[in-house]
Amino acid sequence: MEFVRKWVQVIAGFLMNGYWLFPWTRNIYQGPLKVLCAPGLNCYSCPAATTCCPLGALQQLLGGVRLAIASGQYFFGWYIVGAMGLMGGLLGRMICGWACPFGFFQELLHKLPSPKFEIPRGLRHLKFAILLFFVILLPLLAVDEFGLGAPWFCKYVCPAGTLEAGIPLLILQPGLRETIGFLFFGKFVIMTAFIAWAVMASRPFCRVACPLGAFYALFGKVRAVRLRLDEHKCTNCNACHQVCPMGVKFNESPDDTECITCLACMHQACKFDAISLEFCGLPLTGTRGKRLATTEKTG
Amino acid sequence: MANERKPGRKPDHPLQKAPLWLSLFFLALLLVGIAIDEPGRVLEQARQICLSCIGVG
């Protein structure tokens with residue numbers, strides 16, 4: 001299953017970044033597909049990006065809400081929030097595990113040999129604050145003399161934007177190099193820090209700072225596709241703790257909002273068939289491991 | 001025992017409707033956005049290089 005997930009990640013990454021004429025055009029893709037909302041974190045100013053970033057689009061809409069209202073247009077982000085909520089309601093953070101290019105990038109970084117460290121669980125709450133302040137409140141409330149708000153998360157934090165768009169565009173368009181300053185170097189430091197952290201810890205950006213992950217995490221208990229724990233079969237052997245890339249202790253908190261439904265606990269750890277996949281309460285998986293569980297329990 | 005499951009009978013899996021209602025709610029939001037031409041505004045923004053977004057603006 002891990003093999004399948006990796007291929008899904010590769011294909012999703014390619015679909016969201018399928019414009020490969022950019023080395024010749026030296027510009028970003030400007031076709032009609034950009035109206036579609038990417039499920040994962042993928043900067044729409046990336047030269048290869050074929051879809052729009054939901055966070056970037058939402059911040060732009062919230063930042064321009066005053067001007068939109070003044071011109072009789074009620075653009076409050078219905079389309080973007082609707083698309084994000086639809087994906088969240090159906091899949092929740094499964095998107096992080098299966099269709100986020102930046103999450104996939106971090107997984108690859110974590111395979112590099114290095115000392116590995118855990119991430120303190122308390123840091124997971126930071127991403128909700130980033131979602132609230134940097135994506136919603138600051139773009140909406142901190143406006144300039146023209147009534148326009150800035151995309152605060154993109155502008156001051158997003159390491160995916162620096163990696164996928166900032167650096168490639170500075171290479172492709174030499175004229176932009178004259179405009180870089182403290183803002184770019186600050187974001188470059190943030191990006192470098194998260195890259196180094198991702199080598200030493202599993203998915204640090206997803207767990208600590210990603211506002212899109214925070215939004216999908218809100219659907220942790222009410223999403224359609226989710227993992228279920230059968231407490232009668234679980235022996236509390238804690239094998240699921242060892243394989244989870246998000247630091248979830250599945251047998252202790254099966255509804256954990258951090259779960260990205262990568263299925264590692266179900267396929268790589270649990271020998272007792274205690275974990276299954278379901279859609280709206282209906283089982284999607286069979287009885288793999290049942291015989292093994294019976295054999296081990298009876299000795 | 002009243003709660004004991006009969007041999008061979010499959011466990012009940014009641015359909016959870018909350019995720020479906022939630023998804024329908026957000027689908028409705030999406031359709032509202034489409035109805036007022038919000039995608040047009042999104043497309044207009046996405047076609048431009050967002051200098052602020054990449055930290056050079």
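B:Glu38 is a good place to start: this residue is buried, because 25 other C-beta atoms lie within 10 Å and 20 or more are enough to count as buried. The structure you are looking at is a predicted model. B:Glu38 sits in helix α2 of chain B, which covers residues 38–46. Once its neighbours within four places in sequence are left aside, B:Glu38 is in contact with A:Phe75, A:Trp78, A:Tyr79 and B:Gly33.

**Where the two chains meet**

Those contacts lead us to the interface. How many residues of chain A are in contact with chain B? There are 46 of them, and they touch 32 residues of chain B. On the chain A side, the elements that give two or more residues are α3 (54–63), α5 (78–91), α9 (152–156), α10 (159–172), α11 (182–200) and β3 (282–283). Of these, α5(A) gives the most, with 10 residues. Sorted by class, this side of chain A has 30 nonpolar, 12 polar and 4 charged residues.

**Chain A as a whole**

Stepping back, chain A has 16 helices and 3 strands. Its radius of gyration is 21 Å, which agrees with the value near 19 Å that a compact globule of 299 residues would have. Along the principal axes, the C-alpha atoms of chain A fill a box of roughly 70 × 45 × 35 Å. Of the 299 residues in chain A, 49% count as buried. Among contacts between residues at least 6 apart in the sequence of chain A, 68% join residues at least 24 apart.

**Two domains in chain A**

Chain A is divided into domain 1 (2–217) and domain 2 (225–298), and the C-alpha centres of these domains of chain A lie 31 Å apart. Their contact takes 18 residues from domain 1 of chain A and 12 residues from domain 2 of chain A. On the domain 1 side, α1 (2–16), α5 and α6 (94–98) of chain A each give two or more residues. The largest share of that side, 3 residues, comes from α6(A). The residues on the domain 1 side divide into 6 nonpolar, 3 polar and 9 charged.

Here are three contacting sets of residues, sorted by class:

| Set of residues | Nonpolar | Polar | Charged |
|---|---|---|---|
| Side of chain A that touches chain B | 30 residues | 12 residues | 4 residues |
| Side of domain 1 of chain A that touches domain 2 of chain A | 6 residues | 3 residues | 9 residues |
| Contact of α10(A) with α11(A) | 7 residues | 2 residues | 1 residue |

**A pair of helices**

Two packed helices are described by the angle between their axes and the distance between the axes. For α10(A) and α11(A), the angle is about 105° and the axes are 8 Å apart. These helices are therefore roughly perpendicular to each other, since angles of 65 to 115 degrees count that way. From α10(A), the contact is made by A:Pro159, A:Thr162, A:Leu163 and A:Gly166. From α11(A), the partners are A:Phe184, A:Lys187, A:Phe188, A:Ile190, A:Met191 and A:Phe194.

**One more residue to find**

Finally, look for A:Lys271, in the loop between α15 (264–269) and β2 (275–279) of chain A. This residue counts as partly exposed because it has 14 C-beta neighbours inside 10 Å. Another lysine to locate is A:Lys233, which is 38 residues from A:Lys271 along the chain. The C-alpha atoms of A:Lys271 and A:Lys233 are separated by 9.8 Å.

Conventions
Residues are numbered from 1 along each chain as its sequence is written. Chains are lettered from A and ligands numbered from 1 in the order in which they are written. This is a predicted model: local features need pLDDT of at least 70, side-chain atom pairs count only at pLDDT 80 or more; totals for chains, interfaces and linings use all residues. Two residues are in contact if their C-beta atoms, placed from the backbone, lie within 7 Å. Helices (H or I, at least four residues) and strands (E, at least two) are DSSP runs, numbered from the N terminus. Ala, Val, Leu, Ile, Met, Phe, Trp, Tyr, Cys and Pro count as nonpolar, Asp, Glu, Lys and Arg as charged, and the others, Gly among them, as polar. A residue is buried if 20 or more other C-beta atoms lie within 10 Å of its own, exposed if 12 or fewer, and partly exposed in between; C-beta atoms are placed from the backbone. The radius of gyration is taken over C-alpha atoms; the globule rule is 2.2 Å times the number of residues to the power 0.38. Domain bounds come from an automatic or database domain assignment. Axes are lines fitted to C-alpha atoms, for helices over the stretch in contact, and angles run from 0 to 180 degrees between N-to-C directions. Angles under 35 degrees count as roughly parallel, over 145 as roughly antiparallel, 65 to 115 as roughly perpendicular and the rest as oblique.
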